[in-house]
Amino acid sequence: MRTVQFELMRPGEFLEERERFSVAYLPVGPLEWHGPHMPFGTDPLNAQAVACGVAERIGGVVFPPLFCGTEEARTPKLLNWMGFEDDSQYVVGMDVPSNPIKSCYFPEELFGTILRANLLQIISLGFRIVVIVNGHGAAGQLRTGARLAREFTNTTKSQVLFCRAMQKLDETDDRLGHANIVETSMQMYVSGESVQLDKLPPREIPLKTSEWGIADGYLMTGESVNEGHTVEHDPRDATAELGKRYIENGIERVAKEVLRAYGEK
Ligand SMILES: [Zn+2]
């Protein structure tokens with residue numbers, strides 16, 4: 001099978017693929033705390049798996065993941081939703097005070113500069129479409145990615161798309177979150193041995209977001225936060241099989257977006 005990864009390609013292979021299907025993919029996400037049971041690279045690695053899946057299905061060249069992402073300090077309201085009583089605490093992203101190690105977040109303005117430089121480099125290689133495959137859901141990450149995609153679509157010869165690697169299976173799906181069942185399952189599917197569920201406490205102990213830095217999506221949006229501020233879509237129920245469904249869902253949705261743009265351009 002042909003390789004889809006830029007770093008493994010020889011010039012001839014690269015030129016042939018750019019001629020055949022002129023699309024590049026850039027997986028992006030921070031090295032970030034994902035609970036004691038998952039690796040720091042979960043976001044960019046999941047994004048890479050989706051990007052490679054899309055390229056294998058429809059074509060294109062996947063660039064090495066950009067291990068880079070941004071977060072900001074939680075607002076008092078978000079701190080309450082996460083289960084902190086003291087809403088004056090300084091908590092950045094998922095770095096709750098009990099974590100033994102901090103995430104490698106970049107400030108938003110630096111993230112923007114780094115992503116800009118990477119995109120311009122890929123654009124200069126002459127692709128019709130460049131796809132940012134984003135693995136991290138922070139507001140600043142989404143804002144910056146969408147802003148640069150719009151800017152470069154209008155100021156360069158490439159069309160730049162901003163896509164999410166992790167997406168709902170259907171409209172009623174409320175399970176997406178941070179290091180919860182969905183992300184843990186995805187990582188299990190992508191790289192089984194990097195996930196160790198036994199690093200989490202026994203099943204009967206509820207996982208409080210403020211203590212474990214693990215969260216359901218609604219803890220971030222404030223919709224239906226449960227009284228204990230605990231994770232309902234529990235990572236201890238994760239399976240590689242469920243992860244496969246989410247990775248394949250991401251591949252299908254991103255492929256559809258790329259094909260639509262490719263047909264229009
Ligand atoms: Zn994540």
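Colleague: How many helices and strands does the protein chain have?
Modeller: This is a predicted model, and the count is taken over the protein chain as modelled. The protein chain has nine helices and seven strands.

Colleague: What radius of gyration does the protein chain have, and what would a compact globule of 265 residues have?
Modeller: The C-alpha atoms fill a box of roughly 55 × 35 × 35 Å along the principal axes, and 45% of the 265 residues count as buried. A compact globule with 265 residues would have a radius of gyration near 18 Å, which agrees with the value for the protein chain, 19 Å.

Colleague: Among contacts between residues at least 6 apart in sequence, what percentage join residues at least 24 apart?
Modeller: Contacts of this kind leave out pairs that are less than 6 apart in sequence, and the share that joins residues at least 24 apart is 76%.

Colleague: Which helix gives the largest share of the largest nonpolar core?
Modeller: In soluble globular proteins, nonpolar side chains tend to be buried together. Here the largest nonpolar core holds 62 residues, of which Ala24, Tyr25, Leu26, Val50, Val131, Ile132 and Val133 touch the most other members. The largest share of this core, eight residues, comes from helix 2.

Colleague: Which residues does tyrosine 25 touch, leaving aside those up to four places away in sequence?
Modeller: Tyr25 is one of the core residues that touch the most other members. With residues up to four places away in sequence not counted, tyrosine 25 touches Ala51, Val54, Ala55, Gly60, Val62, Phe63, Val131 and Val133.

Colleague: Is strand 5 largely enclosed or largely open, and which residue of strand 5 stands opposite isoleucine 132?
Modeller: Six of the six residues of strand 5 are buried, so strand 5 is largely enclosed by the rest of the structure. Gln159, Leu161 and Cys163 point one way, while Val160, Phe162 and Arg164 point the other way, and all are buried. Strand 4 and strand 5 run parallel and are joined by six bridges. The residue of strand 5 that stands opposite isoleucine 132 is phenylalanine 162.

Colleague: Why do the buried residues of helix 4 lie on the same side, and which residues are exposed on the other side?
Modeller: An α-helix has 3.6 residues a turn, so residues three or four places apart point the same way. In helix 4, the buried residues are Phe111, Leu115, Leu119 and Ile122. They cover an arc of only 60° around the axis, which puts them on the same side of helix 4. The exposed residues on the other side are Glu109, Leu110, Ala117 and Gln121.

Colleague: Which exposed residues does helix 5 carry on the face turned away from its buried side?
Modeller: The buried residues of helix 5 are Gly140, Gln141, Thr144, Gly145, Ala149 and Phe152. Seen down the axis of helix 5, these residues fall within an arc of 155°, so they line one face of the helix. What covers them includes helix 4, strand 4 and strand 5. The face turned away carries the exposed residues Ala139, Arg150 and Asn154.

Colleague: How far apart are the end C-alpha atoms of helix 9?
Modeller: Helix 9 has among its buried residues Gly243, Tyr246, Ile247 and Gly250, and what covers the buried residues of helix 9 includes strand 1, helix 2, strand 4, strand 5 and helix 6. At 1.5 Å a residue, the 25 residues of helix 9 should span 36 Å, which agrees with the distance between its end C-alpha atoms, 36 Å.

Definitions and conventions
Residues are numbered from 1 along each chain as its sequence is written. This is a predicted model: local features need pLDDT of at least 70, side-chain atom pairs count only at pLDDT 80 or more; totals for chains, interfaces and linings use all residues. A residue is buried if 20 or more other C-beta atoms lie within 10 Å of its own, exposed if 12 or fewer, and partly exposed in between; C-beta atoms are placed from the backbone. Helices (H or I, at least four residues) and strands (E, at least two) are DSSP runs, numbered from the N terminus. The arc is that of the directions from the helix axis to the C-beta atoms. Two residues are in contact if their C-beta atoms, placed from the backbone, lie within 7 Å. The radius of gyration is taken over C-alpha atoms; the globule rule is 2.2 Å times the number of residues to the power 0.38. The expected span of a helix is 1.5 Å times one less than its number of residues. A nonpolar core is a set of buried Ala, Val, Leu, Ile, Met, Phe, Trp, Tyr and Cys residues joined through C-beta atoms within 7 Å. Two strands pair if DSSP finds at least two bridges between them.
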